[in-house]
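Here is a friendly walk through one model, starting from a charged pair and working inwards. Please keep the structure open beside the text as you read.

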Amino acid sequence: MTGVRATQSLMKTLRPPRQHDRKPHTEARAAATSNGLLLKLELHSDPKLLSPVRGALERLTELLGFSAPECRAVTRAVDEALTNIMRHCYCGRLDQPIEVFCSRTRRRGAVGSEEGLEILLCDRGPPVDPAKLRGRRLDEIKPGGLGLHFIRQSMDVVQYRRTRGTNQFRLVKYLNAMK
């Protein structure tokens, strides 16, 4: 199966049924398209869908030329962010919409060609308190709460914003300059 056909097949598998009252995230789509949209996934907030999303991201990062450790790091960061959306924004409800936009990007003000991958995760959950996006202190010995640390360690840019009823979590990873 070719890459395009496999991606289309994966998108059909992960795409939830359209809801009549759901408005598209037009602003996110416009930004992703202007940067060169590579992959768009629409899925429900069901943790069973994390595995195919991980597979798609692992393959996409490989195709873009990231090293094996970078591919794993990006995939782990997106998996953690989606898990947080499912658990905290949607409180474990399995039928809520999430959109994932993967686009090419360039580092602003960079000398030479510093290309990268921008991943925009969009959900319609309640607004997120930015203070909670700090994660727990690393010296607290207890399970859980380290996901944001892993995300920040793996990615070059991590940003959150709320726009028109939509949470947008933006992750960027640049290709190493030596490539």
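Let us begin with a contact between charged side chains: R59 and E62 form a salt bridge, with N and O 3.1 Å apart. This is a predicted model, so please read every value here as computed from predicted coordinates. R59 and E62 both belong to helix α3 (residues 50-64), and because they sit 3 residues apart, about one helical turn separates them. The general geometry helps here: an α-helix has 3.6 residues a turn, so residues three or four places apart point the same way. R59 is partly exposed, at 46% relative accessibility, and E62 is partly exposed too, with a relative accessible area of 39%.

**The helix around that pair**

What span should the 15 residues of α3 have at 1.5 Å a residue? The expected value is 21 Å, and the end C-alpha atoms of α3 are indeed 21 Å apart, so the two agree. Within α3, the buried residues are L50, V53, A56, L57, L60, T61 and L64. Viewed down the helix axis, the buried residues of α3 fall within an arc of 125 degrees, so they line one face of the helix. After α3 comes G65, with a positive phi near 100 degrees.

**Other salt bridges**

In total, the structure holds 7 salt bridges. Three of them are set out below.

| Salt bridge | N to O distance |
|---|---|
| R59 and E62 | 3.1 Å |
| R106 and E115 | 3.1 Å |
| E118 and R170 | 2.5 Å |

In the second row, E115 is partly exposed, at 28% relative accessibility. E115 lies in strand β3. The C-alpha atom of E115 is 9.4 Å from that of L64, although 51 residues separate E115 and L64 along the chain.

The E118 and R170 bridge in the third row links distant parts of the chain, as E118 is in strand β3 (residues 115-123) and R170 in strand β5 (residues 166-174), 52 residues apart. Is E118 buried or exposed? E118 is buried, with a relative accessible area of 7%. Elsewhere, K40, E42 and E99 are joined into one network by salt bridges that share partners.

**The strands**

How do β3 and β5 pair? They run antiparallel and are paired over 8 bridges. Within this pairing, I119 has L171 in β5 as its bridge partner. On β4 (residues 157-163), the pairing with β5 is also antiparallel, over 7 bridges, and V158 stands opposite L171. L171 thus appears in both pairings, opposite I119 and opposite V158. The hairpin of β4 and β5 has 2 residues between the strands, and R164 takes a positive phi near 50 degrees there. As for burial, β5 is mostly covered, with 8 of its 9 residues buried.

**The nonpolar core**

In soluble globular proteins, nonpolar side chains tend to be buried together. The largest nonpolar core in this model has 33 residues, of which L82, V100, I119, L121 and L171 touch the most other members. Several elements each supply at least two residues of this core: β1 (37-44), α3, α4 (68-89), β2 (97-106), β3, α5 (147-154) and β5. Which element gives the most to the core? That is α4, with 9 residues. The bridge partners I119 and L171 are thus among the core residues that touch the most other members.

**The cysteines**

How many disulfides does the structure hold? The count is 0. A disulfide is a covalent bond between the sulfur atoms of two cysteines. For C89, the closest cysteine sulfur is in C91, 8.3 Å away, which is too far for a bond; the cut-off used for a disulfide is 2.5 Å between sulfur atoms. C89 counts as buried at 11% relative accessibility, and C122 is buried as well, at 0%.

**The whole chain**

Stepping back, the protein chain has 5 helices and 5 strands. Along the sequence, these follow the pattern α-α-β-α-α-β-β-α-β-β. Of the 179 residues in the protein chain, 43% are buried.

Conventions
Residues numbered from 1 in each chain as written. Predicted model: local features only at pLDDT ≥ 70, side-chain atom pairs only at ≥ 80, totals over all residues. Heavy atoms only, no water. Salt bridge = Lys/Arg side-chain N within 4 Å of Asp/Glu carboxyl O. Helix = DSSP H or I, 4+ residues; strand = E, 2+ residues; numbered from the N terminus. Buried < 20%, exposed > 50% of the residue type's maximum accessible area, 1.4 Å probe, protein only. Pairing = 2+ DSSP bridges. Expected span 1.5 Å × (residues − 1). Arc of directions from axis to C-beta. Core = buried A, V, L, I, M, F, W, Y, C linked by side-chain atoms within 4.5 Å.
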